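Thanks for coming. I will go through a few places in this structure, one at a time. Please have the sequence and the model open.

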Amino acid sequence: MKVSEAVGRALCAAGVDQVFGVVGSGNFHVTNAMIAAGARFVGARHEGGAATMADAYARTSGEVAVVSVHQGPGLTNAMTGIAEAAKSRTPLIVLAAEVTEPRSNFYVDQEALARAVGAAAVRVTSAEEAVEQTCAAVRLAVRERRTVLLNLPLPVQASEVAEGALVQAVPPTPRAAVEPDAAEVAALAELLGRSRRPVFVAGRGAREPGGREALGALAERYGALLATSAVSRGLFHGDPWSLDVSGGFASPLAVELIQGADLIVGWGCALNMWTMRHGHLIGADATVVQVDDDPSALGAHRPVHLGVTGDVRLTARRLSGTGGEPREGYRTPQTAAALAARLRWHDVPYEDTGTRERIDPRTLGIALDEILPAERVVGVDSGNFMGYPTMYLSVPDEKGFCFTQAFQSIGLGLATTIGAALARPDRLPVAALGDGGALMSAVELDTVRRLGLPMVVVVYDDEAYGAEVHHFGPDGHPLDTVRFPPTDIAAVGRGYGFEAVTVRTRADLKAVADWVAGPRSAPLLIDAKVVADHGSWWLEEAFRGH
């Protein structure tokens, strides 16, 4: 057995059963070895799409995935998706062939590329160590929540591996939950006991199994309201005391209630500029606490009054075991009435600015939320439009929303939704894209059709890079570089085998309802010609953070 086959089989033996990629000569044998060992392979049309599909699959499924790429340009093509995964601490293996001869036209310093975006790097150096080094890469991904580049040099791939070497390839033990310090738990219990208006903000660290239940029970005891960061949206879906998302996408009532909190506890949540609107959501007299199993995360984005190092679920359970009577806290009849009447963006009055040629994106979002099945998984690209699907399309739980925005790259939304759809085949996948991101990633429409995914792709088409239009336009800057002539994106979709509809008014959405009714034999693309004069406060936050 050659190293290329041993590495592929070792990855499967270590628990990896999903691989995405674009196959070239350098990763041909190792990818086929994974398939032969039982892994499911999904071929993308571009390595960048493959990396993002793998990232989204890993986030949604909770399992390690692999993206397999050719040496040199295969890896560089994938780097934006790898950067997003690394910045999001997604457990992901980037399996890359590698040339070691500097005079080769394929040569780049692949390890340096990985480290430049925050990924770790492991190299297979010999036939004797190939299996162990492969398993070490998987262990690193799982235990440290890292994106790991596994370099597979071409000269090593053809070496012979000793018989029986695969015996040592086993799945890694899960990451150990960090037990919180008793004194820190006691200090947080004291703050909760004194608080009259506590708010819990749950982030990525609360998405682990049991997180919702543990935080829900603790919040009930102390009368806390529940909110999430964008990446954990849906975690408290259905809870009557949920505020949905904290930050730029928060509804006016959610903003009001969070700003009124006297205690804000971030649970596995960075409390960064997005989630706290550069601190504007924190009242002047509010106490801020952060709970995270990574001590370096505590206070990384803003000062906190108390940092607790510990696993979210364990810490919440330890607090539930402390003494004291249940408290009303923020869960008053007045708060309940307000939440029931005006929490959702659907309930916020607005002036519909749509015309016969362009639909208001808020009207579009409300209508789609009513038409599309509730059991859905939504992926959102970056751009001026991105708040509308996030605010108006509900999701059933934290597995129903995939938000690849740590690197804030345009063009990842379609591949994100493909990866999430494969992780949740029981749900309708909905990709929400701007026209810029849609045209950047249009090649992966072929992947949607080829896989037979019953996907809805919604393109918010304002014929521009709208964020730049609205940011620079008011100051009189020329905008020719960020505006584009009309494009028939519906025709592009039909060219890839989609059913497609152009939406200019709400009446045009009847075609969407008809598609939902069945048989859904082809995916659907909605080319929504949206009103172009709507700026977004959520991306103004981004410009402030540059």
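Buried, in this talk, means under 20% relative accessible area, and exposed means over 50%. Keep in mind that this is a predicted model.

I start with helix α13, which covers residues 333-342. Which of its residues are buried? They are T335, A338 and L339. These three span an arc of only 100° around the axis, so they sit on the same side of α13. The face turned away from that buried side carries exposed residues, namely P333, A340 and A341. As for what lies over the buried residues of α13, the cover includes two strands, β8 (225-228) and β9 (242-245). Helix α11 (252-259) is also among the covering elements.

Next, an aspartate. D292 belongs to strand β11, residues 287-292. D292 is buried, and it has no salt bridge. How far away is the nearest side chain of opposite charge? That side chain is R145, at 4.9 Å, and a salt bridge would need the charged atoms within 4 Å. The side chain of D292 does reach a backbone nitrogen, that of D294, at 2.9 Å. Leaving out residues up to four places away in sequence, D292 touches G268, C269, A297, L298, V308, T309 and G310.

One of those contacts, C269, brings me to the cysteines. How many disulfides are there? The count is 0, with a disulfide taken as two cysteine sulfur atoms within 2.5 Å. For C269, the closest cysteine sulfur is in C402, 17 Å away, which is too far for a bond. C269 is buried, at 2% relative accessibility. C135 gives a similar story: its closest cysteine sulfur belongs to C12 and is 11 Å away, again too far for a bond. C135 is buried as well, with a relative accessible area of 4%.

Last, V178. Where is V178 placed? It is in the loop between α8 (154-157) and α9 (182-194). With 23% relative accessibility, V178 counts as partly exposed. V178 and D292 are 114 residues apart along the chain, and their C-alpha atoms are separated by 9.1 Å. Apart from neighbours within four places in sequence, V178 is in contact with D293, T309, G310, D311 and L314. Two names there have come up already: T309 and G310 are in contact with V178, and D292 touches T309 and G310 too.

That is the end of my part.

Terms used:
Residues are numbered from 1 along each chain as its sequence is written. This is a predicted model: local features need pLDDT of at least 70, side-chain atom pairs count only at pLDDT 80 or more; totals for chains, interfaces and linings use all residues. Side-chain values use heavy atoms; hydrogens and water are left out. Buried means under 20% relative accessible area, exposed over 50%, partly exposed in between (1.4 Å probe, protein chains only). Helices (H or I, at least four residues) and strands (E, at least two) are DSSP runs, numbered from the N terminus. The arc is that of the directions from the helix axis to the C-beta atoms. Contact means heavy atoms within 4.5 Å. Lys and Arg count as positive and Asp and Glu as negative; His and the chain ends are not counted. A polar contact is a pair of N or O atoms within 3.5 Å; within protein, one must be able to donate a hydrogen and the other to accept it, and residues adjacent in sequence count only if both atoms are side-chain atoms.
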